[in-house]
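Please look over the sequence and the model shown below, and then follow the text from the outside of the chain to its interior and to the positions annotated in a database record.

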Amino acid sequence: MTEEVLLAFLFTLFAGLATGIGSLLAFFTKTTNTKFLSFALGFSAGVMIYVSLVDIFVKAKESLVGELGEVGGNWLTVGSFFAGMLLITFIDRLIPNQTNPHELKKIEDMKKPGAVIQDPQLLKTGTFVALAIGIHNFPEGIATFVSTIQDPALGLAIAIAIAIHNIPEGIAVSVPIYYATGDKKKAFKLSFLSGLAEPIGAVVAFLILMPFLNDIMFGVIFAMVAGIMVFISLDELLPAAKKYDEAHISIYGLIGGMAVMALSLLLII
């Protein structure tokens with residue numbers, strides 16, 4: 001196994017297990033730092049949008065145009081980009097609204113008197129949220145893995161962006177499960193396990209995609225990754241950042257994420 005493959009697995013594991021960080025924050029801090037979360041989620045969206053449209057999409061296009069020519073390569077690049085968006089939309093539609101993994105929770109919700117109400121329905125809801133996050137994390141794992149194989153610096157940037165957006169998802173799993181059971185260990189365990197879907201996505205990418213990873217396959221996957229990440233940014237990260245928002249902090253984070261990503265790409269040219 002090459003160094004790039006091992007690095008890809010490590011980055012994917014790091015990104016996925018950030019859900020556990022969210023769960024730990026819920027247990028060991030007293031209040032939700034909404035300013036930090038708003039900035040961090042905006043920053044994550046900025047990184048993902050910029051790198052998807054400026055770097056990943058361009059590399060996918062270059063690969064496909066080189067193999068299929070100007071017309072065929074351009075059409076397949078754009079088609080794959082929107083196919084990635086359709087894939088993540090389909091995954092979203094599979095999940096019932098009441099178990100939306102991006103419904104925001106605050107740490108304060110766990111500190112309210114009588115928060116533990118031993119409600120089996122809440123336990124079911126929390127479990128479904130964990131499952132929903134796992135389903136969402138699966139294609140993110142593929143995205144991180146494939147990006148790292150192509151360019152480790154790019155893979156690290158994507159892993160950090162995904163890890164940031166997984167932190168509030170960890171809170172979203174922990175709060176309803178804690179409500180239902182009063183068991184912090186159980187809440188943490190389910191939050192932690194939901195993040196394991198990300199490295200599982202990497203394993204699937206390694207076992208199924210890697211043997212067929214020629215220039216055309218790489219271009220298609222990379223364009224789909226760009227579409228998936230733009231969708232996640234617009235559908236999940238920015239709305240969540242705005243809900244936590246205070247005085248346009250999420251937009252400052254968005255611009256900051258784009259600027260940092262732009263600078264990092266310039267430095268590695």
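On the surface of this predicted model, F39, I251, Y252 and I255 make a nonpolar patch of about 380 Å². The element that gives the most to this patch is helix α9, which covers residues 249-267 and supplies 3 residues. I255 is found in this helix, and it counts as exposed because its relative accessibility is 51%, where the threshold for that label is over 50%. M261 also lies in helix α9, but with a relative accessibility of 5% M261 counts as buried. The C-alpha atom of M261 is separated by 8.1 Å from that of G46, although the two residues are 215 residues apart along the chain.

From M261 we can turn to the charged side chains, for which the count comes to 2 salt bridges under the distance rule applied here. As a general matter, side chains of opposite charge can pair when their charged atoms come close. In one of these bridges the side chains of K59 and D55 meet, with an N to O distance of 3.4 Å. K59 and D55 are 4 residues apart in helix α3, which covers residues 34-94, and so they are separated by about one helical turn. The general geometry behind this is that an α-helix has 3.6 residues a turn, so residues three or four places apart point the same way. D55 counts as buried, because its relative accessibility is 12%.

K59 also forms a salt bridge with D151, and here the closest N and O atoms are 3.3 Å apart. This pair links distant parts of the chain, since K59 is in helix α3 whereas D151 is in the loop between α4 and α5, and their positions lie 92 residues apart in the numbering. Both K59 and D151 are buried. Through the shared partner, the salt bridges join D55, K59 and D151 into one network.

Helix α6 offers a case in which burial can be related to helix geometry. Its 12 residues, 184-195, should span 16 Å at 1.5 Å a residue, and the end C-alpha atoms are 17 Å apart, which agrees with that expectation. Within α6, the residues A187, L190, S191, S194 and G195 are buried. Seen down the axis of α6, these buried residues fall within an arc of 145°, and therefore they line one face of the helix. K185 and K189, on the other side of α6, are exposed.

The last topic comes from the UniProt record, an unreviewed entry, in which the annotation "binding site" covers E140, H165 and E169. These residues span 30 residues in sequence, yet no two of their C-alpha atoms are more than 13.8 Å apart, so they gather at one spot. E140 has its place in helix α4, residues 120-150, and is buried, with a relative accessible area of 1%.

For "binding site", the unreviewed UniProt entry also lists N137, E140, N166, E169 and E198. Although this set is spread over 62 residues of sequence, its members cluster in space, the largest C-alpha distance being 13.8 Å. N137 is placed in helix α4, and with a relative accessible area of 0% N137 is buried.

Key: Residues are numbered from 1 along each chain as its sequence is written. This is a predicted model: local features need pLDDT of at least 70, side-chain atom pairs count only at pLDDT 80 or more; totals for chains, interfaces and linings use all residues. Side-chain values use heavy atoms; hydrogens and water are left out. Patches are made of residues with over 30% relative accessible area and no salt bridge: like charges are joined within 9 Å, nonpolar side chains (Val, Leu, Ile, Met, Phe, Trp, Tyr) within 5 Å. Accessible areas come from the Shrake-Rupley method with a 1.4 Å probe; for residues, only the protein chains shown count as cover. A salt bridge is a side-chain nitrogen of Lys or Arg within 4 Å of a carboxyl oxygen of Asp or Glu. Helices (H or I, at least four residues) and strands (E, at least two) are DSSP runs, numbered from the N terminus. Buried means under 20% relative accessible area, exposed over 50%, partly exposed in between (1.4 Å probe, protein chains only). The expected span of a helix is 1.5 Å times one less than its number of residues. The arc is that of the directions from the helix axis to the C-beta atoms. UniProt positions are given in the numbering used here, feature names are shortened, and annotations may be inferred rather than shown by experiment.
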